[in-house]
Amino acid sequence: MNRCEVQERLEAALDQLASIEHERWAHWQQYMHSKAKRQTDGSLLIPADLAAQWSRQIKTPYDKLTPEEQKSDQEQVLRYLPTIVDVLTTP
């Protein structure tokens with residue numbers, strides 16, 4: 001399969017991949033909300049230690065993350081692989 005065919009197949013799977021991304025994002029948001037404190041106005045207050053941790057991670061390239069942080073990112077990517085394998089191996 002050439003590059004153009006791979007791109008066409010992946011573009012055809014856009015909705016499947018976007019659904020996985022939405023599930024991944026929703027899971028992350030649920031986690032963040034569970035760590036935050038709801039304020040009387042409905043807003044969420046993120047604890048300072050988590051805000052600092054996430055700020056550090058945002059600024060850190062993947063190869064500079066801790067092994068545990070890299071594993072967490074790898075686990076998220078694994079959500080996509082079955083769909084990608086199916087797209088690229090189904091005739």
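**Exercise 1. Which helix gives the most to the lining of the largest pocket?**

Before starting: this is a predicted model, where local features need pLDDT of at least 70, side-chain atom pairs count only at pLDDT 80 or more, and totals for chains, interfaces and linings use all residues. Residues are numbered from 1 along each chain as its sequence is written, and side-chain values use heavy atoms, with hydrogens and water left out.

*Step 1.* Get the pocket. On a 1 Å grid over the protein atoms alone, a pocket is an open set of points where a 1.4 Å probe fits, with protein on both sides within 12 Å along at least five of seven lines. The largest one holds about 600 Å³, a volume being the space filled by probe spheres set on the points.

*Step 2.* List the lining, meaning residues with an atom within 4 Å of a point. There are 18 such residues, and Trp-28, Trp-54, Gln-57, Ser-72 and Asp-73 are the closest to the pocket's centre.

*Step 3.* Sort by helix (DSSP runs of H or I, at least four residues, numbered from the N terminus). At least two lining residues come from each of α2 (14-35), α3 (48-59) and α4 (67-78). The winner is α3, with 6 residues.

**Exercise 2. Work out which way α2 faces.**

*Step 1.* Check the span. With 22 residues, α2 reaches 31 Å from first C-alpha to last, close to the 32 Å expected at 1.5 Å a residue; that expectation is 1.5 Å times one less than the number of residues.

*Step 2.* Find the buried residues (under 20% relative accessible area, 1.4 Å probe, protein chains only; exposed is over 50%, partly exposed in between). In α2 these are Leu-17, Ile-20 and Met-32. Down the helix axis they fall within an arc of 115°, taken from the directions to the C-beta atoms, so they line one face of α2.

*Step 3.* Look at both sides. The buried residues pack against α1 (3-12), α3 and α5 (81-89). On the face turned away sit the exposed residues Asp-15, Gln-30 and Ser-34.

**Exercise 3. Is Glu-69 buried or exposed?**

*Step 1.* Place Glu-69: helix α4.

*Step 2.* Apply the cut-off. Its relative accessibility is 13%, so Glu-69 counts as buried.

*Step 3.* Find its partners. Skipping neighbours within four places in sequence, Glu-69 is in contact (heavy atoms within 4.5 Å) with Arg-56 and Gln-57. Gln-57 is also among the residues closest to the pocket's centre.
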